[in-house]
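Hi,

Here's the structure I said I'd pass on to you. Have a look at it first, and then read my notes underneath.

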Amino acid sequence: MNNLLVANSISKQFGNFTALNNVSINIPEGSIFGLLGPNGAGKTTLIRIINQITAPDTGTVLFNNESLNSNHIKDIGYLPEERGLYPKMKIGEQAIYLAQLKGMDRQSARSELKKWFDKFEISDWWNKKVTELSKGMAQKVQFIVTVLHKPKLLIFDEPFSGFDPINANLIKDEILQLNKDGATVIFSTHRMESVEELCEYITLINKSNKILDGKLDDIKRNFKTNTFEIAVNSLESQVLKKELESKYQTMTPTFRTIGDNLRMNIKLKSNQSSDELINLLNKNSKLIHFKEVIPTANEIFINSVEND
Amino acid sequence: MGNFTLITSREYLNKITNKTFILSTLLTPLFIAGIFLLIGWLTSVNNESVKNISVVDNTGYIYEKLNSSGTIKYELLGDFSIDEAREISNAKSDYALLYINDFESPKAIADSIKFISEDATLTVINNIESQLENILTNENFKINNIDINQINKRKVYVDLSQETFEGEKTTKADGLIKLIFGFILGMMLYMFIFIYGSMIMMSVIEEKTNRIIEIVISSVKPFQLMTGKIVGVSLAGLTQFVMWGILISVFSSLFSYFFGITTTYENTELILNASEDSEISSAALGMISAFMNLPLLNIMIAFVFYFLGGYLLYSSIFAAIGAAVDNQTDAQQFLMPITIILIVALYVGMLTVPEDPNGIVAQIFSFIPLTSPVVMMMRIPHGVPLFEQILSLLILFVSVILVIWIAAKIYRIGILMYGKKPSYKELIKWLKY
């Protein structure tokens with residue numbers, strides 16, 4: 001698949017502080033890409049380099065196979081974590097201004113904005129000032145301004161902060177729609193449930209270094225420990241329990257079900273197959289729950305950062 | 001439309017539609033015109049009140065020679081003793097009473113004259129003294145058989161005709177006009193730099209604290225944003241200046257039309273036109289000709305360049321300060337040195353230029369880029385060699401480029417730095433990022 005953005009061995013120093021150390025990422029076109037990492041890891045610096053706000057000390061960035069340059073500014077939409085609006089300017093006017101800075105002409109900026117304002121049912125805000133809006137309302141306007149010029153690459157830094165669950169969902173659906181329409185999305189967030197839900201690819205940066213990257217599914221596959229959650233309703237549950245304990249490495253259960261009388265986690269060794277386990281469980285009992293334990297993005301995040 | 005034009009016009013429109021800006025644009029001329037009006041009114045009230053001076057003249061020849069001029073009017077009382085005259089004059093609420101005793105010698109008369117008044121001003125006293133002096137001296141000449149006409153004919157008057165070493169004619173009035181004009185130019189520069197420089201700083205701080213900055217600089221280069229801001233605010237400033245000029249004259253003429261009071265400016269014109277009071281009008285004419293004698297073309301061209309250079313220099317410093325801090329309170333620490341330098345420039349100009357416009361101190365300070373706009377503008381009305389001006393401008397504009405470059409670096413880093421106020425050491429470190 002074609003990569004929309006390729007960053008090769010990016011390093012950036014601020015005085016004695018290394019913000020990024022030899023970080024490379026590939027962002028496939030049309031994907032939703034999670035850029036993860038603890039606070040101060042260097043995510044924002046990397047995003048600023050992609051936005052050409054700062055230049056890397058070493059390394060190259062390719063956008064659509066071209067060296068990143070000022071022509072690409074209009075192809076990128078960026079919603080920073082620290083975002084605001086001009087307090088004294090009317091909402092409509094400043095949205096037009098910000099769109100014009102991205103290279104749109106006044107007329108099309110106005111008509112596109114009208115569409116989005118209608119869609120979000122905020123048309124009556126056009127002549128209001130930011131000071132009259134709540135934080136969540138202002139965030140909606142910022143979101144519109146970010147996506148208005150139909151950029152190829154959308155960068156969202158903590159896009160859901162400040163939204164109530166209903167509006168967060170609305171924004172999430174819009175992002176998914178934009179992605180479906182062809183936009184590539186970079187997500188930078190601490191909210192692992194949205195990573196889980198949205199991201200196809202992730203990169204994890206810790207202390208200025210990339211420590212993990214790839215397809216989320218592949219990473220999960222690598223992180224899983226061959227552990228299964230099992231629950232049965234057995235006539236001879238104590239016998240079965242003894243048998244399982246002698247054959248397998250068993251652990252206290254990490255889940256809940258109802259209607260069972262034996263419940264545990266079982267970790268298979270590499271020479272043991274899950275089919276054998278199922279057969280054993282099915283023999284004298286009713287199988288109620290059988291599930292492979294897949295590590296969540298959250299667990300992968302914590303695990304990787306703590307072991308780094 | 002390019003991004004630079006977009007930023008400039010947003011900044012400009014944002015400034016000129018700002019309520020405070022509109023109010024100060026309208027109210028300042030109203031205030032100044034009001035002051036003109038007040039001064040005009042006070043002078044006219046002052047002029048209208050006639051100062052009545054009663055005179056008891058026992059000599060019989062002095063009173064008829066006293067000239068009642070403008071606001072001073074002499075009135076002869078009859079033959080009264082000093083105590084009676086004092087009572088009468090007081091009852092009439094006269095401005096003053098002049099009591100002249102009769103003696104043989106004019107010198108004795110002079111010694112015995114009594115002048116009784118509550119609060120006579122120096123001008124009035126000088127006027128009376130010089131009149132009496134003339135009358136009594138002439139009387140003294142006459143008594144001693146000295147022909148006054150012969151003396152007057154042979155008297156030699158000296159009015160030094162001054163000239164510069166370059167051969168230009170000057171007058172006493174020239175020096176004063178040069179000083180005043182130079183100060184006005186220097187002060188204007190100083191004020192413009194401060195008012196609009198801090199506006200730029202506020203605008204930068206506003207973008208930073210409202211967190212709009214990162215959205216904007218993902219579309220435009222910080223340098224474009226900074227320079228667009230500087231140009232936009234300066235255009236707003238120029239608009240305000242022009243509006244002030246127009247409004248002050250409109251308000252002044254409206255006031256004088258509706259209230260029938262002439263402002264001081266028109267008073268001066270009246271004085272110029274009045275030929276009766278030759279002394280005043282010749283002084284005023286001297287002022288006018290002194291003004292015309294100024295190197296006006298040089299002043300205008302120099303003003304434009306020094307204004308541009310000085311303004312760009314300081315406004316980029318102001319922009320950098322705005323970027324380095326999070327709020328106005330923190331800005332004070334960095335504003336302090338700038339304020340001190342500008343005030344030093346003003347003081348150096350005021351203290352050294354009147355003493356010696358081409359002295360070594362004034363010269364040095366008119367080469368230092370941070371002080372040269374103010375000091376040089378004060379010197380130029382006195383005449384400054386062209387090469388000196390060019391050299392000073394050259395230094396100024398090279399520094400402007402250098403300072404803009406440094407300011408842009410600080411700006412670029414500073415606008416994305418939140419939290420603690422940076423130290424000077426950190427600012428220098430930013431230059432290397």
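Below is what I found, starting with a sheet and its helices and ending with the contact between the chains.

One thing before you start: this is a predicted model.

In chain A there's an open sheet of 4 strands, and its order is β12-β13-β11-β14. The pairing is antiparallel. At the edges you'll find β12 (249-251) and β14 (285-292) of chain A, each of which pairs on one side only. If you look at how neighbouring strands of this sheet sit, they are turned by 30° against each other on average, ignoring direction.

To find your way in, try β11 (residues 227-234) of chain A. This strand pairs with β14(A) over 7 bridges, in the antiparallel sense. Which residue in β14(A) is the bridge partner of V232(A)? That's L287(A).

Two helices of chain A lie across these strands. Helix α8 (residues 237-247) lies across β11, β12, β13 (262-267) and β14 of chain A, and runs at about 10° to β13(A). Helix α9 (residues 274-283) lies across β11, β13 and β14 of chain A, running at about 155° to β14(A).

Now for where the chains meet. Chain A brings 19 residues to the contact, and chain B brings 17 residues. On the side of chain A that touches chain B, helix α2 (residues 91-101) of chain A gives the most, with 4 residues. Sorted by class, that side of chain A has 12 nonpolar, 4 polar and 3 charged residues.

Shout if you'd like to go through any of this together.

Cheers

Technical notes:
Residues are numbered from 1 along each chain as its sequence is written. Chains are lettered from A and ligands numbered from 1 in the order in which they are written. This is a predicted model: local features need pLDDT of at least 70, side-chain atom pairs count only at pLDDT 80 or more; totals for chains, interfaces and linings use all residues. Two strands pair if DSSP finds at least two bridges between them. Axes are lines fitted to C-alpha atoms, for helices over the stretch in contact, and angles run from 0 to 180 degrees between N-to-C directions. Two residues are in contact if their C-beta atoms, placed from the backbone, lie within 7 Å. Ala, Val, Leu, Ile, Met, Phe, Trp, Tyr, Cys and Pro count as nonpolar, Asp, Glu, Lys and Arg as charged, and the others, Gly among them, as polar.
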